[in-house]
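Me: I would like to go through this model step by step, asking about one feature at a time. Please give the reasoning before each result.

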Amino acid sequence: MDTQDSPLLPSNQLPEPPQELIALQEQLERVKAEMRKLLVGQNNLVTLLLTALIADGHVLIEGVPGVAKTLSAKLLARTLSIPFSRIQFTPDLMPSDVLGTSVFNVKTSEFEFKPGPIFGQVVLIDEINRSPAKTQAALFEVMEERQITLDGFTYVMEKPFLVVATQNPIEQEGTYRLPEAQLDRFLFKIEVGYPAEQDEIRMLADLQERKGISDIRQIMGVLSPQEIMSMQQWVRQTYVEPNLLSYVVKIVQATRQDREIYLGASPRASINLLHAAKAYAALAGRHFVVPEDIKAMAGPVLQHRIILTPEKEMEGGTAEGVIRRIVEQTEVPR
């Protein structure tokens, strides 16, 4: 699902992109180049991470151990000149370990708030399903409203703010399934598989050339907070034709009427699909959305927002496959 794979309008029909969009695309290409210094064969993952960044949305990465879930988040953070923090979720983790707590200061005889690791601007949450519901629920407000409320005080997060969470789909012992309300706060769910044979060979060759040293410090910061927020503002202004708004709604509504789906996607899914399509268009160098942008984003945006019927799950069906079928069956506006 890389941007190069998306079928677009013929080049002679495309209006000239504004200079701001050209600069945006050049900067994002620099970010990709930095990440690919250590990340091999995960072009789709890199593309979706950057799409989420400029769409101002959070990401859930799912995959078996060893497929570079954590590394990709750390590399993204290194290319952004903003504070980064990492939280390892465990069964004994408490909400205060994530959000922070008030500590009594003997000198001033007052309570002082000590911020927790969630106060980074790129926050990596490793194995988010390892902590119980109480700790997971601590993320609800901060992911949706970019603020936390403790002891009657509201603390607003610095912008930009991005949560990248990981989870292992195989090992379920000692895990706590994320509730639908939590999943709905992620813009994307990205499923990371094994690399292709040639990519894995290239990965070993690169590692051999570096003599086994994988120093993340060689990754340079590319984007400042102001540049990221400028990109996010530009994405919000991306043009979408009225018939494409209807196309987004038809796809989402089809998930609520499909016989293979027990629970369909909410209106928040429609909003997120629109935002993701705008960001994907900007990443492809366009200041307008085409149907292919919506098609490309439908899977990552919707697959974690639906629940299949028990019969479909017993047949071995997947949410990704059902979404793909719905998109194929939905008439594309002309």
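Me: How many of the 12 residues of α12 are buried?
Reply: This is a predicted model, and buried here stands for a relative accessible area under 20%. Among the residues of α12 that meet this cut-off are Pro-291, Asp-293, Ile-294, Gly-299 and Leu-302. The cover over the buried residues of this helix includes α2 (43-55), β9 (188-191), α10 (242-257), α11 (267-283) and α14 (319-329). Helix α12 is therefore mostly covered, and the number of buried residues, out of 12, is 10.

Me: What span should the 12 residues of helix α12 have, and how far apart are its end C-alpha atoms?
Reply: Helix α12 covers residues 291-302, and each residue is taken to add 1.5 Å. The expected span uses one less than the number of residues, so for this helix it comes to 16 Å. The distance between the end C-alpha atoms agrees with that expectation, being 16 Å.

Me: Which element gives the most residues to the largest nonpolar core?
Reply: The largest nonpolar core has 75 residues, and those with the most contacts inside it are Phe-188, Leu-223, Ile-294, Met-297 and Leu-302. With 10 residues, the element that gives the most to this core is α11.

Me: How many residues are in the second, separate core?
Reply: Phe-89, Leu-93, Val-142 and Val-163 are included in this second core. It is separate from the core described before, and its number of residues is 23.

Me: Is Phe-104 buried, partly exposed or exposed, and what is its relative accessible area?
Reply: Phe-104 is found in strand β3 (residues 100-105), and together with Val-106 and Phe-111 it forms a nonpolar patch on the surface, with about 370 Å² of accessible area for the three together. Partly exposed covers values between the buried limit of 20% and the exposed limit of 50%. Phe-104 therefore counts as partly exposed, with a relative accessible area of 43%.

Me: What is the omega of the peptide bond from Lys-159 to Pro-160?
Reply: Pro-160 has its place in the loop between β7 (153-156) and β8 (162-167). The peptide bond that leads from Lys-159 to Pro-160 is cis, with omega near -5°.

Me: What is the phi of Ala-68, and where does Ala-68 lie?
Reply: Ala-68 has a relative accessibility of 22%, so it counts as partly exposed. Its phi is near 75°, a positive value in a residue other than glycine. As for its place, Ala-68 lies in the loop between β1 and α3 (69-79).

How values were computed
Residues numbered from 1 in each chain as written. Predicted model: local features only at pLDDT ≥ 70, side-chain atom pairs only at ≥ 80, totals over all residues. Heavy atoms only, no water. Helix = DSSP H or I, 4+ residues; strand = E, 2+ residues; numbered from the N terminus. Buried < 20%, exposed > 50% of the residue type's maximum accessible area, 1.4 Å probe, protein only. Contact = heavy atoms within 4.5 Å. Patch = residues over 30% accessible without salt bridge, like charges linked within 9 Å, V, L, I, M, F, W, Y side chains within 5 Å. Areas by Shrake-Rupley, 256 points an atom, 1.4 Å probe, with all protein chains shown as cover. Salt bridge = Lys/Arg side-chain N within 4 Å of Asp/Glu carboxyl O. Core = buried A, V, L, I, M, F, W, Y, C linked by side-chain atoms within 4.5 Å.
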